[in-house]
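Work through the exercises below with the sequence and the structure open. Each task is followed by a solution in steps.

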Amino acid sequence: MSAALALREVSVELGGRPVLRDATLEVARGELVGLLGPNGAGKTTLLRTALGLLRPASGRIEVDGDATRHRRGAIGYVPQRHEFAWEFPISVEEVVMSGRSGALGLLRRPGIADWKAVDDALYRVRMTELRERPVGQLSGGQRQRVLVARALALGSPVLLLDEPFTGLDMPTQELLTDLFQSLAREDRAVLMTTHDLAAALYSCDRLALLNGTVLATGTPQQLAAEEALWQQTFGISARSPLLRVLEAVA
Amino acid sequence: MSPADFLTDLLNPDLAFLPKALLVAVVSSIVCGVIGCHVVLRGMAFIGDAVAHAVFPGLAIAFVTGGSLVLGGTLAGVATAVLVAVFSQNRRIKEDSIIGVFFVAAFALGIVVISQAPGYAGSLQQFLFGSITGIPDRDLYVVAGTGLLVLGIALLLHKELVTVSLDRESARALGLAVFWLDLLLYVLVTLAVVISVQTIGNILVLALLITPPATARLLTDRLALMMLLAPAIGGLGALVGLYVSWSWDYPTGGTIVLVLTAAFLLAWFLAPRQGVLAKAWERGSSRRRGRLEPH
């Protein structure tokens, strides 16, 4: 599998403080990769750098082998839900169309192709019937699906998800996990950050352990057997319940 | 005074300032209503207040030197917005504190400048509280032209402005120039404020930006409808306000603001779904349904 998204030896400093050091990570089309690490490990910084929102001090970021595309709005991004203005008087379909604002260009109105992309994205996340509903009236899970549809409307082969399960109940998490897996199967590269270890272990094709740099990548089964690696990444002791969860997977 | 008498006065050639004041008040209310929707939905009322105050030194300099009030006010507003943007880069002090420092400083500068003009007290009062007399004919063209320009830009860049308002980080990720769109919105707010200052005054102009859009928000969950309702409420409020002010000899700016505030309170209580009464009725209905359902 060729990498749709590749970060090669990327270092990032924020306010003069190094946050990422020589981080290397590849995500291929067709796979769902979970990015795991403790608070302050640099997960969000890595996503923001991949999106072109932060300029790395060194290193290279490529989308389908192109080192400039990530800075031109070519990556679908699903932010954390609290970053979106849900009180805004706007319908579901209008939010999804806003995902095409960058691709449309200044002053251009949406055309048939744009509405087709919105229709497809809404259908993909099963929100077609709620397309005219004001977003403020949606549940947490529906809101998450709207944000995913907005990212899908861009038509990008790469999708970045920032903590998509936070604050959601178990059935909604299950529904979203199925959605993310099926999006990856449709030839997309999907990278998500999460604190939900169980969800990541059971739903992701590969995991990347991050703490200042990418310490290891591998399938959940491969990494679950490496207890020392998890202790190093999360700074936990040998008695941590997290290691018991890993034993179950390994 | 009856509405018919007011209409007669509007058509009286000896009272030519009255229809001009009405036209300026209604046009500026419409423009402020549309731009104010962005201000209200982004929760940037404080920035709107800051811009309203920041235009004052420009207006004062233009007034003292006989220059264009629109140009002077716009330059001062934009200069203050840029200063706030630059100084906000220092993360030790939050943006609202920076805004607080600069808009009061700009206002103080305006007072110092206008104190150098002959008839200082009268000029200051006119700027602060508005006046319906003394609007020159050329200002009608400036207000109409500027208003059309502001509405045109807001319409053309509607999807970009909305995308930024929804979620700034994602807007940046989509490749939108968020900083420039923010600056453009400040400029549009500035222009809307500048064309409104003459009739309603510098202190009260914030009401034109905030109250009609806030009222419209209580009435609808649709952005397009909100952007039609807000200027309609603002324009109607200006018309009714001017009528009341002319009939009972009240200050124009203050009367328009009080009429708009009354509309807001009406919507607060009587709005079909979000109003206090509708919610109380809904709660009562739920309780009644609960009592009737078998346990």
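Domain bounds here come from an automatic or database domain assignment. The model is predicted: local features need pLDDT of at least 70, side-chain atom pairs count only at pLDDT 80 or more, and totals for chains, interfaces and linings use all residues. Residues are numbered from 1 along each chain as its sequence is written, and chains are lettered from A and ligands numbered from 1 in the order in which they are written.

**Exercise 1. Domains of chain A**

Task: Into which domains is chain A divided, and how many residues of domain 1 are in contact with domain 2?

Solution.
- Step 1. Domain 1 of chain A consists of 3-75 + 156-249, and domain 2 of 85-155. Their centres, taken over C-alpha atoms, are separated by 25 Å.
- Step 2. Two residues are in contact if their C-beta atoms, placed from the backbone, lie within 7 Å. By this criterion 10 residues of domain 1 of chain A touch 10 residues of domain 2 of chain A.
- Step 3. On the domain 1 side, helix 6 (residues 170-185) of chain A gives the most, with 4 residues. Helices (H or I, at least four residues) and strands (E, at least two) are DSSP runs, numbered from the N terminus.
- Step 4. Sorted by class, that side of domain 1 of chain A has 6 nonpolar, 4 polar and no charged residues. Ala, Val, Leu, Ile, Met, Phe, Trp, Tyr, Cys and Pro count as nonpolar, Asp, Glu, Lys and Arg as charged, and the others, Gly among them, as polar.

**Exercise 2. The two chains as wholes**

Task: Which helix and strand counts does chain A have, and which does chain B have?

Solution.
- Step 1. Chain A has 10 helices and 9 strands; chain B has 15 helices and 0 strands.
- Step 2. The radius of gyration is taken over C-alpha atoms, and the globule rule is 2.2 Å times the number of residues to the power 0.38. For chain B, with 295 residues, the rule gives 19 Å and the model has 21 Å, which is close, so chain B is as compact as a globular protein of that length. For the 250 residues of chain A, a compact globule would have a radius near 18 Å, and the 18 Å of chain A agrees.
- Step 3. Along the principal axes, the C-alpha atoms of chain A fill a box of roughly 55 × 40 × 35 Å, and those of chain B one of roughly 80 × 55 × 30 Å.
- Step 4. A residue is buried if 20 or more other C-beta atoms lie within 10 Å of its own, exposed if 12 or fewer, and partly exposed in between, with C-beta atoms placed from the backbone. Buried residues make up 45% of chain A and 45% of chain B.

**Exercise 3. Where the chains meet**

Task: Which helix of chain B gives the most residues to the side that touches chain A?

Solution.
- Step 1. In this interface 22 residues of chain B are in contact with 21 residues of chain A.
- Step 2. Helix 9 (158-166), helix 10 (168-173) and helix 13 (223-248) of chain B are the elements that give two or more residues to the chain B side.
- Step 3. Helix 9 of chain B gives the most, with 6 residues.
- Step 4. The chain B side divides into 9 nonpolar, 5 polar and 8 charged residues.

**Exercise 4. Helices 6 and 3 of chain B**

Task: Which residues of helix 6 of chain B are buried?

Solution.
- Step 1. The expected span of a helix is 1.5 Å times one less than its number of residues. For the 20 residues of helix 6 (residues 95-114) of chain B this should be 28 Å, and the end C-alpha atoms are 28 Å apart, which agrees.
- Step 2. The buried residues of helix 6 of chain B are I99(B), F103(B), A106(B), F107(B), G110(B) and I114(B). They cover an arc of only 95 degrees around the axis, which puts them on the same side of the helix. The arc is that of the directions from the helix axis to the C-beta atoms.
- Step 3. Exposed S97(B) and V112(B) sit on the face of helix 6 of chain B turned away from its buried side.
- Step 4. In helix 3 (residues 45-54) of chain B, 8 of 10 residues are buried. Helix 6 is one of the elements that cover the buried residues of helix 3 of chain B.

**Exercise 5. Positive phi**

Task: Is E163(A) buried, partly exposed or exposed, and where does it lie?

Solution.
- Step 1. E163(A) lies in the loop between strand 6 (158-162) and helix 6 of chain A.
- Step 2. Its phi is positive, about 45 degrees, although E163(A) is not a glycine.
- Step 3. With 19 other C-beta atoms within 10 Å, E163(A) is partly exposed.
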